[in-house]
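Got the viewer open? Keep the selection box handy, and let's walk through a few stops together.

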Amino acid sequence: MAKGKDYHFISKLGNSVKNKAWYEPARRAFWADPNRLMAAKAIFAIALLAIPFMLAGKPVFAVTLALGAVAGALSETDDHPKGRIKSLALKVFSFGISSMAVQLLYNYPVLLGIGLAVSTIFFLIVGGLGERYRGVTFGAILVGIYAMIGAPNSPTWYLQPLLLSSGALFYGLLSLGLLFLHPWRLLDEQLARGFVTLSNYMNEKARLFPSDQKIQGEIRNKLALLNVQVVEALDRCKEVLNSYSNALKDDTPLIPYLRYFMLLQSLHERAASSHERYDLLSEDPANQQLMEGIGQLLKQLSEATKKLSYSLLTGIPYRHPVSLAWTVNALNDQLEKYGTESNPQLSLLITNLSRSNTSLQNLNDEHQRSLTPRLAKDDRSLLQRLTDQLHWDNPRLRHAIRLSLCFLIGFTIARVFDLSKGEWIVLTSLFVCQPSYSQTRRKLEQRILGTLTGVVAAVVLISLLPTLEGQSLLMLFAAYQFFVWMKRNYSVSVIFITIFVLSAFNLTANQGVALMLPRLADTLIGSALALFTVRFLWPDWQYKRLPSLLSDTLLKNLGYFRAVLNEYESGETDDDFGYRLARREAHRADNALAIAWQDMQVEPKKQQQFMEKAFTLTYLNHALLSYISALGAHRGPERTRDSQLLIFSAEITKALQQAIQKLTQEKNQNPAIIKNMLKEIRLHIDQSEKTIEKQQFILLYNIAEVSGQLLKQIEIFRLDEK
């Protein structure tokens, strides 16, 4: 009877597995979060490495292997499986050399300090050769510091190099095995991140419909910063696509991913475009329903792109929301009710969003796009990339020298004052010292807050879990949470890595609680050193960079504007390589200006010169880019090729060239050119009989108007600079 029950249970369990009903939601949740997948890989590798040695009474072996696996995970790169094999081989070799050098020189502090400083410069310069090298060299520096911390507990000179490299190798092989099982996973993750950042951008932009002048500036500012995340995600997608393209003989398997990438770019161009000051449109009571409807449509498009992101991560086919088509139809019906002529700006905007809906709706249509796009690649040789960094204007070289000096001072303090685990000063400096003052300042605050919280939590938890088993589980739990939070919230991740480190050292030397105060002191010293070096050694204050950044971003906007006009003039509608490259360069330059303004806010008060003007110039430049994006988003077979439009565009081009020259030379400009042109364009709008022609001239009017405002602000800025 019992046997029958057992058989019935097993049969039922088998059917359950077959139907996948009980674990499918868990599987989807797991694959839908790349951070959890990363954490699961790391914790699985650490557990397999550490637990057997813990049970065998060899905690030093267990912890050193675990630290090697952590370093391997932190230095992992997004490469095609073939490229991942190369980076893993480089990683194991560099980890072994770095840790062995530290172990052999540990009792010769002068040589170790000099070696630490020189190797840091070398590794950071090599890291500038490419993403693969950047991950490997960062890991090599980290492993060298781990070796310094663990050297006193190592019974032989070769043990740490062997164990740290073995830990990294084991994690790398595990991760590589999973990548071979799902070779396209990296592309899925990067594209999914891109669609999520775009979703966040659209959701924020929906707040403009309707809006008033008070909140307009706040929303625009937030949109500029969200746009930074979207463009960075696009760049990461391109890098991973290039990695796969370089590894494959035939790019045919990449075509679906290239189409996703093209879709992401086109959706971004439409989302980033602006057609009018929406606060002015919101003031008209007749527009109220349309404005609210547009806001709802943007929110629905935001949800649709997030749904597409989920589809990429889980493999569940994307189903376009039916409600989107209803909303589009309702908006078009409402627009017809009031007449397109009376609402040309809103008509353009609704057309723009309708095209985004159509692109998502036709995502799986193989006939939608016959063109396979070409990706921009860095064709420079490794030697050329190396020599490009070896001049003083290169920020990576300055950062390498600053960080090496920071390490040298921290190491000297630790040895001269014989600080317990003073190598943590160097470890803290590695994570806190960043290429700019503002980045370092943010990291410093997050690091100190996370370390303080982590130390207190670690002491309490270690006291509550005094057994070997309890502290081993605590170490594994902390490692898992560290990787889950690493890309979400740096302060929270620092809390868990602090718990991990203190529990690990409590297991190896029973010193976790005793090291609480030294850990705090070392963190404060390392953070102070990092801030000091960035503050006083060749600081690159943002106000000094403002003219060159603004000049560059105007130049890139001008290139984008010309690329749009070329398509209007030629009549071609394909997203050609030159057009996409000009658009991407314009967004990158705009991001650099927005980041500079953001960084300026955390710099010392004395260095916050031209703060308000920097905000105004950043705001106007982003507005210019948004208006150019709108003109580009509406290029299509139905557009007119009015010669007058091209004449006005040539005049705007001259005005922007004047603005660039004013920033780089002492050349006078004539703002009256723009003022007179605005009158002519407005007259042309009033006289236009065709709706499409009127809409195009409205977009051109917006570009001319914001160009004129930029000319005026640049003139004021240059006068104040003197």
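## Starting inside: H11

Of the 18 residues in H11, 15 are buried, so the rest of the structure largely encloses this helix. Bear in mind as you click around that this is a predicted model. To find H11, select residues 255-272. Put a distance between its end C-alpha atoms and you should get 25 Å, which agrees with the 26 Å span expected for 18 residues at 1.5 Å a residue.

## Two helix pairs

Two packed helices are described by the angle between their axes and the distance between the axes. Try that with H9 (residues 185-205) and H13 (residues 288-314): the axes sit 8 Å apart, at an angle of about 165°. That angle makes H9 roughly antiparallel to H13. The crossing of H9 past H13 is left-handed. Now show side chains: on the H9 side the contact includes Arg 185, Asp 188, Leu 191, Phe 195 and Met 202, while H13 brings in residues including Leu 298, Leu 301, Thr 305, Lys 306 and Leu 312. Colour that H9–H13 contact by residue class and you'll count 11 nonpolar, 5 polar and 6 charged.

While H13 is still selected, pick out Ser 311, which belongs to this helix. Ser 311 counts as buried because its relative accessibility is 12%, below the 20% cut-off. Leaving aside residues up to four places away in sequence, Ser 311 touches Ile 316, Pro 317 and Tyr 318.

Next, select H4 (residues 59-74) together with H7 (residues 131-150), whose axes come within 9 Å and cross at roughly 160°. H4 and H7 are therefore roughly antiparallel to each other. Here H4 passes H7 in a right-handed crossing. Leu 67, Val 70, Ala 71 and Leu 74 of H4 meet Phe 138, Leu 142, Val 143 and Tyr 146 of H7. What classes do the residues of the H4–H7 contact divide into? There are 8 nonpolar, no polar and no charged.

## Two buried residues

Jump to Ala 45 in H3 (residues 34-55). Ala 45 is buried, with a relative accessible area of 0%. Which residues does Ala 45 touch, if you skip those up to four places away in sequence? Phe 170, Tyr 171 and Leu 174. Then add Ala 168: its C-alpha is 9.4 Å from that of Ala 45, though the two are 123 residues apart along the chain.

Leu 116, in H6 (residues 109-127), comes next. Leu 116 counts as buried at 11% relative accessibility. Beyond residues up to four places away in sequence, Leu 116 touches Met 148, Phe 407, Phe 411 and Val 426. For one more distance, try Val 102: the C-alpha atoms of Leu 116 and Val 102 are separated by 8.3 Å, with their positions 14 residues apart along the chain.

## Backbone stops in the loops

Go to the loop between H9 and H10 (213-247) and click Pro 210. The peptide bond from Phe 209 to Pro 210 is cis, with omega near -10°.

Now Asp 418, in the loop between H17 (395-416) and H18 (423-432). Phi of Asp 418 is near 50°, a positive value in a residue other than glycine. Is Asp 418 buried or exposed? Asp 418 counts as exposed, at 67% relative accessibility.

Last stop: Trp 538, in the loop between H22 (516-536) and H23 (542-570). Trp 538 has a positive phi of about 50°, although it is not a glycine. Trp 538 is partly exposed, with a relative accessible area of 33%.

Technical notes:
Residues numbered from 1 in each chain as written. Predicted model: local features only at pLDDT ≥ 70, side-chain atom pairs only at ≥ 80, totals over all residues. Heavy atoms only, no water. Axes fitted to C-alpha atoms, helices over the stretch in contact; angles between N-to-C directions. Helix = DSSP H or I, 4+ residues; strand = E, 2+ residues; numbered from the N terminus. Parallel < 35°, antiparallel > 145°, perpendicular 65-115°, else oblique. Left-handed = near helix turned anticlockwise from the far one by under 90°. Contact = heavy atoms within 4.5 Å. Nonpolar A, V, L, I, M, F, W, Y, C, P; charged D, E, K, R; others polar. Buried < 20%, exposed > 50% of the residue type's maximum accessible area, 1.4 Å probe, protein only. Expected span 1.5 Å × (residues − 1).
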